Amino acid sequence: MWKQISCGLNYSASVQTDGTLWAWGLNSSGQLGNNTMANTSNPVQIGSLTNWTQVSCGENYTAAIKTDGTLWAWGGNTYGQLGNSTTTSRSSPIQVGILTSWNAVIASKNSTFAINKDGTLWAWGYNINGQLGDGTTVNKSSPIQVGLLNDWKDIYCGEQYTIAIKTNGTLWAWGLNLSGQLGDGTTVNKSSPIQVGSLTNWTQVSCGENCIAIKTDGTLWAWGNNQYGQLGDGTTVSKSSPIQIGYSTSWKSVNVGLNHSMGIR
């Protein structure tokens with residue numbers, strides 16, 4: 001039975017309830033992790049281990065965590081997104097560092113983020129717009145800590161920018177901000193985390209070129225690119241700060257796709 005699934009660019013990977021890891025689709029950079037670069041239209045098992053717990057697919061690479069808390073990555077590595085201090089692509093899993101305390105990992109376009117069990121946030125890979133949050137725009141090929149705080153809860157990656165929620169319910173953003181997708185009322189890029197407003201009731205976010213978010217009161221909020229009406233506010237005007245969408249207080253989950261958004265209530 002399937003337990004968790006993640007979709008990348010033209011490929012997918014999934015963890016089964018027995019702890020096995022499977023992938024299928026495009027494999028031009030070895031992102032399927034089966035030690036080949038051949039595409040496959042059926043799920044293929046990645047190795048034979050039964051201790052995988054989470055997988056995340058990026059543009060052409062994959063990252064995953066095992067039950068022992070180790071972090072692994074494979075696929076394209078042009079920007080150091082595999083986190084092994086090189087820019088050499090790999091077609092089978094390699095361990096990222098030696099830590100056994102990773103709690104969650106997110107692979108985005110070419111930037112990777114992971115939260116340690118101590119609540120610290122780490123990032124590596126592509127950083128041209130400051131999306132790693134380390135105060136620079138320099139790519140990193142191994143994990144670097146984002147700030148010094150240990151209260152990070154959830155990370156969401158958009159198109160070259162990052163949104164995060166802390167354990168206190170505050171919302172933070174950094175990276176590309178051309179369409180106001182950071183939600184700070186500006187269109188200026190940020191290379192370090194900045195707080196979005198002052199509220200402490202954010203619970204879920206989904207990001208693309210725009211952001212959709214839910215608060216603990218069940219209300220729905222949106223900001224960023226709105227060229228095709230993907231914010232859902234009845235306009236096609238982009239917004240640089242969160243605006244409430246409708247008046248419903250029963251939103252349960254949201255998802256942002258390519259120039260569209262969806263929600264369940």
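Okay, before anything else, what do I mean by a pocket? It's an open set of grid points where a 1.4 Å probe fits, with protein on both sides within 12 Å along at least five of seven lines. And keep in mind that this is a predicted model.

So, how much space lies in the largest pocket here? About 1,200 Å³.

Let's look at what surrounds that space. The lining of the largest pocket has 41 residues. If you want to find the centre on your screen, look for Cys-7, Cys-57, Ala-107, Cys-157 and Cys-207, which lie nearest to it. By type, the lining splits into 20 nonpolar, 15 polar and six charged residues.

Where do those residues sit along the chain? Several strands give at least two residues each, among them S1 (2-7), S5 (52-57), S9 (102-107) and S10 (111-116). Further along, S17 (202-207) and S21 (253-256) each do that as well. Which strand supplies the largest share of the lining? That's S13, with five residues, and you'll find S13 at 152-157.

Now let's stay with S17, since it also belongs to a sheet. The sheet is open, with four strands in the order S17-S18-S19-S20, paired antiparallel. At the edges you have S17 and S20 (239-244), each pairing on one side only. On average, neighbouring strands in this sheet are turned by 20° against each other, if you ignore direction.

One last zoom, on S19 and S20. S19 covers residues 220-224, and three bridges join S19 to S20, running antiparallel. If you'd like one to click on, take Gly-224: its bridge partner in S20 is Lys-239.

Methods:
Residues numbered from 1 in each chain as written. Predicted model: local features only at pLDDT ≥ 70, side-chain atom pairs only at ≥ 80, totals over all residues. Heavy atoms only, no water. 1 Å grid on protein atoms, 1.4 Å probe; cavity = no way out; pocket = protein on both sides within 12 Å on 5 of 7 lines; lining within 4 Å. Points joined across faces, edges and corners; volume = space filled by probe spheres on them. Nonpolar A, V, L, I, M, F, W, Y, C, P; charged D, E, K, R; others polar. Pairing = 2+ DSSP bridges. Axes fitted to C-alpha atoms, helices over the stretch in contact; angles between N-to-C directions.
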